[in-house]
Amino acid sequence: MKNPAWILLASLLLAGAGIVGLSWRDRPRVDSAASRPLVLYCAAANRVAVQEIIQRYQEECGRPIQIEFGPSQTLLSRLEVGGKADLYLPSDDSYLELAAQKDMIAERIPIATMQAVLVVPRDNPKSITSLNDLLSGQLRIVQADPDATAIGKVTQQALAEQGLWQQLHEATTGYRGTVVDVATDVQLNAADVGIVYDVVLANYPELRAVFIPELAQATSQIDVAVLQQSSSPRAALHFARYLAAKDRGLEHFAKYGYQVQPGDQWADQPELSLYAGSMLRPAIADAIERFQEREGVQVSTVYNGCGILVGQMKAGQVPDAYFACDVEFMNQVTDLFPEPVEVSQNELVIVVPKGNPQKIGSLRDLTRPGLRVGIGHEKQCAMGWITQNTFREGGIQQEVMKNVTVEVPAGDMLVNQMRAGSLDAAVVYLSNAAGAGDILDAVQIQGLPCSVASQPWAVYKDSRFPHTASRLFQAITSQQSQTDFESEGFRWQLK
């Protein structure tokens, strides 16, 4: 029995023909210095590096940045009760997870990691070398508040997992509002030892770090987030990219001892290249346009048969990202794209003129003498490769190929030939057929699993813009984009 929803998909209107497309229009640079300053909420632990980065950014790009420093939890609480900011940079990504649960985060970009350590005076007069020294009851110990700061939170979590937190808590003399306050207390001899992030000590030459194994897992991942509430998201993303660029912001983070993440190369307007199978165009074109508009970047998209695209990549023309029509054509370039993710599925159908005058109901019917049949080219596109596999599995390959009058690199070409009346039937993807319901019917291919293709996405291992490409993937797999895929005849596969 035919699935009514499937029939409806097969009757949707075909979205434009063509193989290669470039989507871009001129856009202005980030707002000038006369524009409203961007507001950054930043954890106090990151003060020194971030201040340097902002000074460099303002000199180079001209946009003023207003910074508000404080404990990570305090800053998050302010956002929750109406605080106005464009970006949020806490000292641990757990605060971003909390913010994301409240739908406060639009984008986030990884920057670096920090390690919790003991802090003592440079000459370490108390000879502190272990956690047991802190539990002796003979030392003045200060910590940052676990309920307000990232360093306090990760310290408590790490030690609680080892059953050591309560002992340290009872031995602690006092808690401070920020990690900087802890370091300052030790510097002023108001405490013998504290717990801080290693990077904080870059600004305290009178102090030194003591690494202990009990704090080895007390690390924090730092990401910068663009907030949903930002009234200038393109400008905010511009600064976020600068902050996380390997040849801009990350240089300053590394200078102060942060373990920086691999970052994008800096570009005022990045030019991202994407290769995508032709049949994906109707499903992703709008998402790409929305992404360009929000980010202020260029995405040059080349649509073609995946066999042709693979040939170009093997010849040295490698894009930043590749969205293949089937896993077979991703497998051919796994050395370039090592971490593919399957996003959607698309199935082969037989398209026939409206009313199905030849009464074609199965693959076997395509072997009738005199029929003009069109298929995809096996070497040029995933559709052709899957079609041949389907013919073989159905036991009709030799017979049906006698009726094949045309082999093309893209399914929309076959639909156009069907519209022109030059073919009696064609084997295409459901998404190709999804627009020709006014003049064509789609016949489902029953009982052959190989007639279903999965579409994987991957980022080039040596892309200059891996994080920007990852955000493009997020745009292409958003809830709105998922609706676009399903309306074009795809089945959503990404979990």
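**Exercise 1. Find the second largest pocket of this predicted model, and list the residues that line it.**

Solution. Start by picking out the residues: Pro338, Glu339, Val341, Trp457, Ala458, Val459, Tyr460, Lys461, Ser463, Pro466, Ser470 and Phe473 make up the lining of the second largest pocket. Next, look for the elements behind them. Two or more lining residues come from each of β19 (452–459) and α18. Then sort the lining by class, and you get eight nonpolar, two polar and two charged residues. Finally, add the volume: the second largest pocket holds about 220 Å³ of space.

**Exercise 2. Describe the largest pocket: what is its volume, and which element gives the largest share of its lining?**

Solution. Take the volume to begin with, which is about 450 Å³ for the largest pocket. Now go to the centre of this pocket. It has 15 lining residues, and Ala106, Arg471, Gln474, Ala475 and Ser478 are the closest to that centre. Step back to the elements: β4 (105–121), α11 (281–295), α18 (466–476) and α19 (479–487) each bring at least two residues to the lining. The winner is α11, whose five residues are the largest share. As for classes, the lining splits into five nonpolar, five polar and five charged residues.

**Exercise 3. Place lysine 246 in the chain and work out how it should be classed: buried, partly exposed or exposed.**

Solution. Locate the residue: lysine 246 sits in the loop that runs between α9 (233–243) and α10 (249–255). Its relative accessibility is 46%. Partly exposed covers the range between under 20% (buried) and over 50% (exposed), so lysine 246 counts as partly exposed. Now check who it meets. Leaving out residues up to four places away in sequence, lysine 246 touches Glu251, Gly263, Asp264 and Gln265. For one more distance, try glutamine 261: it is 15 residues from lysine 246 along the chain, and their C-alpha atoms are 8.4 Å apart.

**Exercise 4. Do the like for threonine 173: where does it lie, and is it buried or exposed?**

Solution. Look at the loop between α7 (165–171) and β6 (174–176), and there you'll find threonine 173. Its relative accessible area is 56%. Exposed means over 50%, so threonine 173 is exposed. It still has partners: Leu139, Arg140 and Ile141 are in touch with threonine 173, with residues up to four places away in sequence not counted. To finish, pair threonine 173 with glutamine 143. They are 30 residues apart along the chain, with 8.4 Å between their C-alpha atoms.

How values were computed: Residues are numbered from 1 along each chain as its sequence is written. This is a predicted model: local features need pLDDT of at least 70, side-chain atom pairs count only at pLDDT 80 or more; totals for chains, interfaces and linings use all residues. Side-chain values use heavy atoms; hydrogens and water are left out. On a 1 Å grid over the protein atoms alone, a cavity is a set of points where a 1.4 Å probe fits but cannot get out, and a pocket is an open set with protein on both sides within 12 Å along at least five of seven lines; lining residues have an atom within 4 Å of a point. Grid points are joined across faces, edges and corners, and a volume is the space filled by probe spheres set on the points. Helices (H or I, at least four residues) and strands (E, at least two) are DSSP runs, numbered from the N terminus. Ala, Val, Leu, Ile, Met, Phe, Trp, Tyr, Cys and Pro count as nonpolar, Asp, Glu, Lys and Arg as charged, and the others, Gly among them, as polar. Buried means under 20% relative accessible area, exposed over 50%, partly exposed in between (1.4 Å probe, protein chains only). Contact means heavy atoms within 4.5 Å.
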